[in-house]
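Let's walk through this fold together, starting from the inside and working outwards. Keep the viewer open as you read.

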Amino acid sequence: LELTLTPISLSDIAEEVVESYQTAASQKSIRLRTDCPKALPLAIGDADKLSRVLINLVHNAIKFTPQGGEISVEGRESGGGHVEVRVTDSGNGIPAHDIEKIFDKFYWSESAPVEARGAGLGLAIAKNLIELHGGMIRVESTLGQGSRFSFTVPIATP
């Protein structure tokens, strides 16, 4: 897999992804918002691949957030020369024993509703793409209260 690395605005990518999912969110009465400051430093990355990562995370958040829930996509400078993007939902949450396995290929948590399960590749692909960028992806979750997926990518140097 080759990356085409250029300085990119994760704020712009987040806005585009959130806009493209507004209809899907509104069909479930989910409030989907973005809070990525325009002043966020540019990242060095492949715009298409990072867009794919964010699409996977937002799509999953919508699948696992019940009607009337909330999802936010936030960006910030995380220190250490990285930009961080967080996707936080008020969904089902992930049991603690599944957190370590959630990025494995073909893995589904037993707590995931059968109708919401996909191929089990989205998070594994996202992890691979972020690591190819020299970043990290992680999840924090509380069962019954929601999840926060976050990833970092390096800041573009001037």
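Leu 54 touches Ile 13, Ala 14, Val 17, Val 73, Val 85, Val 87 and Phe 151, setting aside residues up to four places away in sequence; touching, or contact, means heavy atoms within 4.5 Å. This is a predicted model, where local features need pLDDT of at least 70 and side-chain atom pairs count only at pLDDT 80 or more, while totals for chains, interfaces and linings use all residues. Residues are numbered from 1 along each chain as its sequence is written, and side-chain values use heavy atoms, with hydrogens and water left out.

Leu 54 also turns up in the largest nonpolar core, which has 39 residues; Leu 10, Leu 54 and Phe 151 have the most contacts inside it. Such a core is a set of buried Ala, Val, Leu, Ile, Met, Phe, Trp, Tyr and Cys residues joined through side-chain atoms within 4.5 Å. H1, H3, S4, S5, H5, S6 and S7 each give two or more residues to this core, and H3 gives the most, with 8. These labels are DSSP runs numbered from the N terminus: helices (H or I) of at least four residues and strands (E) of at least two.

Now for the sheet. It is open, with 5 strands in the order S2-S4-S5-S7-S6 and mixed pairing; two strands pair if DSSP finds at least two bridges between them. S2 (31–35) and S6 (137–142) are the edge strands, each pairing on one side only. In the middle of that story, S4 (residues 70–79) and S5 (residues 82–89) run antiparallel, joined by 8 bridges. Arg 76 has Glu 84 in S5 as its bridge partner.

Glu 84 comes up again with Ser 150, since their side chains make a polar contact (3.5 Å). That term covers a pair of N or O atoms within 3.5 Å; within protein, one must be able to donate a hydrogen and the other to accept it, and residues adjacent in sequence count only if both atoms are side-chain atoms. Is Ser 150, in strand S7, buried or exposed? Ser 150 counts as buried because its relative accessibility is 1%; buried means under 20% relative accessible area, exposed over 50%, and partly exposed in between (1.4 Å probe, protein chains only).

Finally, look at Phe 64 in helix H3 (residues 47–64). Phe 64 is partly exposed, as its relative accessible area is 23%.
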